[in-house]
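User: I would like to learn how to read the features of a helical model, one contact at a time. Could you walk me through this one?

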Amino acid sequence: MALLLVLSLTTALLLTILAPFFSTGSDPETASGMVLILSVTGSLVISYTLLALLTQEYLVTQFLPRLSLKPHRILIALASGAAIAYVVSFVSSQYPPQAGESNTFRIIQSSGLSAQSLLIFVTVLLAPLCEEYLFRGIIFDALKTRFTTFFAICASAVVFMGFHLIEYSDYWVGMSAIFLLGIALAFLRESSNSMLSPILCHASYNAGILWLA
């Protein structure tokens, strides 16, 4: 919750700081998308850098040594993410959001090549690395030391879903997809004993969602 608060505050602060630089001489829609993606990127970098500094021992002794994976598991992770993205995209097409409802992705995707390129970097590289460090790393390991593995998988998925509540609170397909993705990512993390497996699956899922959107 503390990290979510930091993310929200830093995003809001960056939005306020950056908005004046894009408010003149630019198409309003393009400017708003660029400000949004720059703010989200800056917020992720600031928040997770702070988290890494506060959990430096875990980063060095637990996370970094687990960034290795056998080739066949790399394929499994990538294929799993792509398959989940395809299923989510199909279900979303059958049960679309309410008319007029917008989300962060769509705003940025309609804001020009620069914003779209930065969105790809954030969603496919930065966010999977940062979020897996927190959810399938710190949180999952903390839960597993106190409870059963099954509970740790489910509880970390619930926390993961809650973390995305603001984005998908009014769309049951989005919330369900995030929860099931959290289950899959935690299962991959546990079965492979590697942090690279959920990172790759998460990246593949995000890339698939962007591609199919």
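Analyst: Happy to. Let us start from a single residue: setting aside neighbours within four places in sequence, Val122 is in contact with Ile37, Thr41, Leu44, Ala127 and Pro128, where contact means heavy atoms within 4.5 Å. This is a predicted model, in which local features need pLDDT of at least 70 and side-chain atom pairs count only at pLDDT 80 or more, while totals for chains, interfaces and linings use all residues. Residues are numbered from 1 along each chain as its sequence is written, and side-chain values use heavy atoms, with hydrogens and water left out.

User: Where does Val122 sit, and is Val122 buried or exposed?

Analyst: Burial is read from relative accessible area: under 20% is buried, over 50% exposed, and partly exposed lies in between (1.4 Å probe, protein chains only). Val122 belongs to helix H6 and has 4% relative accessibility, so Val122 counts as buried. Its contact Thr41 is found in helix H2 and is buried as well, at 12%. Looking back from Thr41, the contacts beyond four places in sequence are Leu118, Val122 and Leu126. For a C-alpha view, Val122 and Val45 are 77 residues apart along the chain and separated by 10.0 Å.

User: How many helices and strands does the chain have?

Analyst: Helices (H or I, at least four residues) and strands (E, at least two) are DSSP runs, numbered from the N terminus. Here there are 10 helices and zero strands. Of the 213 residues in the chain, 41% are buried. Among contacts with a separation of 6 or more, 77% join residues 24 or more positions apart.

User: How do I read a nonpolar core, and which residues touch the most other members of the largest one here?

Analyst: In soluble globular proteins, nonpolar side chains tend to be buried together. A nonpolar core is a set of buried Ala, Val, Leu, Ile, Met, Phe, Trp, Tyr and Cys residues joined through side-chain atoms within 4.5 Å. In this model the largest core holds 42 residues, and Ile37, Tyr48 and Tyr205 touch the most other members. Elements giving two or more residues to this core include helix H1 (2-22), helix H2 (28-54), helix H4 (71-94) and helix H6 (113-146). H6 supplies the largest share, 10 residues. Not counting residues up to four places away in sequence, Ile37 touches Ile108, Ala115, Leu118, Leu119 and Val122. Apart from this core lies another, of six residues, among them Phe140, Leu143, Ala152 and Ile153.

User: At what angle do H4 and H10 pack, and how far apart are their axes?

Analyst: Axes are lines fitted to C-alpha atoms, for helices over the stretch in contact, and angles run from 0 to 180 degrees between N-to-C directions. H4 and H10 pack at about 35 degrees, with axes 7 Å apart. Handedness asks how the near helix is turned from the far one: anticlockwise by less than a right angle is left-handed, clockwise is right-handed. The crossing of H4 and H10 is right-handed. Residues meeting there include Ala77, Gly81, Ala85 and Val88 in H4 and Leu200, Ser204, Tyr205 and Gly208 in H10. By class, the contact has 13 nonpolar, six polar and no charged residues; Ala, Val, Leu, Ile, Met, Phe, Trp, Tyr, Cys and Pro count as nonpolar, Asp, Glu, Lys and Arg as charged, and the others, Gly among them, as polar.

User: Finally, how many salt bridges are there?

Analyst: Side chains of opposite charge can pair when their charged atoms come close. A salt bridge is a side-chain nitrogen of Lys or Arg within 4 Å of a carboxyl oxygen of Asp or Glu, and by this rule the count is four. One of them joins Arg66 and Asp141 (3.0 Å, N to O). Arg66 lies in the loop between H3 and H4 and Asp141 in helix H6, so the pair ties together parts 75 residues apart in sequence. Arg66 is buried at 19%, and so is Asp141 at 13%.

User: And what separates Glu132 from Arg136?

Analyst: They are four residues apart in helix H6, which means about one helical turn. Their salt bridge has its closest N and O atoms 2.7 Å apart, and both Glu132 and Arg136 are buried. Another salt bridge pairs Glu190 with Lys144, at 2.6 Å between the closest N and O atoms. Glu190 is in helix H9 and Lys144 in helix H6, 46 residues apart. Glu190 is partly exposed at 27%, and Lys144 is partly exposed at 31%. Through shared partners, salt bridges also join Arg66, Asp141 and Arg189 into one network.
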